[in-house]
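Reader: Hey, I've just opened this one and I'm new to it. Mind if I throw some quick questions at you?
Author: Go ahead, let's have a look together.

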Amino acid sequence: QVQLVESGGGLVQPGGSLRLTCAASGSIRSNFMGWYRQAPGKQRERVAGITTHGITNYADSVKGRFTITRDNAKNTVYLQMNSLKPEDTAVYYCAAPLVSFWGQGTQVTVTS
């Protein structure tokens, strides 16, 4: 069982940036990795995913603003979030969904 720990969340003004980090306790080299979010009263949604070969995909709502990357040598996945909007406010989770590894989440709040 690999543990995933997210960090980097916080409070930011609209238009600002945050970088989320997901640190894994073991190798994630062979896993598809994703960043998900869940806002109050809403279903969890995947905002970004990255394959083992580095191919990425994004939800339409974050395309052009968010970037997912991975560093397999460091067992780490990142989510760079730019041009943040109030509607990006949510708890963000890192996951290897195909093997049901999930982090505990980190809160991102975008407000003026």
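Reader: OK, where is Met81 placed?
Author: Met81 sits in strand β8. Keep in mind that this is a predicted model.

Reader: Is Met81 buried or exposed?
Author: Buried, because its relative accessibility is 0% and the cut-off for buried is under 20%.

Reader: What does Met81 touch?
Author: Not counting residues up to four places away in sequence, Met81 touches Gly16, Ser17, Leu18, Leu20, Arg65, Phe66, Tyr92 and Val108. As for Gly64, 17 residues separate it from Met81 in sequence, and the C-alpha to C-alpha distance is 9.6 Å.

Reader: Which residue stands opposite Met81?
Author: That's Leu18, with Met81 in β8. Strands β3 and β8 (residues 76–81) pair in the antiparallel sense, over six bridges.

Reader: What else does β3 pair with?
Author: Strand β1 (residues 4–7), also in the antiparallel sense and over four bridges. There, Glu6 is opposite Cys22 of β3.

Reader: Which way do the side chains point along β3?
Author: They alternate along residues 18–24. Leu18, Leu20, Cys22 and Ala24 point to one face and are buried, while Arg19, Thr21 and Ala23 point to the other face and are not buried. In a regular strand, side chains switch between the two faces of the sheet in just this way.

Reader: How many residues are in the largest nonpolar core?
Author: It has 29 residues, and those with the most contacts inside it are Leu4, Met33, Trp35, Leu79, Met81 and Tyr92. The elements giving two or more residues to this core are β3, β4, β5, β7, β8, β9 and β11.

Reader: You mentioned Tyr92. What does it touch?
Author: Leaving out residues up to four places away in sequence, the list for Tyr92 includes Glu6, Leu20, Trp35, Phe66, Leu79, Met81 and Val108.

Reader: Switching topic: where is Arg70?
Author: Arg70 is in strand β7 (residues 66–71).

Reader: And why does Arg70 count as buried?
Author: Its relative accessible area is 15%, and anything under 20% counts as buried.

Reader: What does the side chain of Arg70 reach?
Author: One partner is the backbone oxygen of Ile50, at 3.3 Å. The Arg70 side chain also reaches the backbone oxygen of Thr51, at 3.0 Å. A polar contact of 2.9 Å links the side chains of Asn72 and Arg70 too.

Reader: Where's Asn72, then?
Author: In the loop between β7 and β8. Asn72 counts as buried because its relative accessibility is 16%.

Reader: Which residues is Asn72 in contact with?
Author: Beyond neighbours within four places in sequence, Asn72 is in contact with Ile28, Arg29 and Thr52. Those three also turn up for Arg70, whose contacts outside that same window include Ile28, Arg29 and Thr52.

Reader: Let's zoom out. How many helices and strands are there?
Author: Zero helices and 11 strands in the protein chain.

Reader: Why does the radius of gyration agree with a compact globule?
Author: Because a compact globule of 112 residues would come out near 13 Å, and the protein chain has 13 Å. Its C-alpha atoms fill a box of roughly 40 × 25 × 25 Å along the principal axes.

Reader: Last one: what share of residues counts as buried?
Author: 45% of the 112 residues. The accessible surface comes to about 5,800 Å², and 48% of that belongs to carbon and sulfur atoms.

How values were computed: Residues numbered from 1 in each chain as written. Predicted model: local features only at pLDDT ≥ 70, side-chain atom pairs only at ≥ 80, totals over all residues. Heavy atoms only, no water. Buried < 20%, exposed > 50% of the residue type's maximum accessible area, 1.4 Å probe, protein only. Contact = heavy atoms within 4.5 Å. Polar contact = N/O pair within 3.5 Å; in protein donor to acceptor, adjacent residues only side chain to side chain. Pairing = 2+ DSSP bridges. Core = buried A, V, L, I, M, F, W, Y, C linked by side-chain atoms within 4.5 Å. Rg over C-alpha atoms; globule rule 2.2 N^0.38 Å. Areas by Shrake-Rupley, 256 points an atom, 1.4 Å probe, with all protein chains shown as cover.
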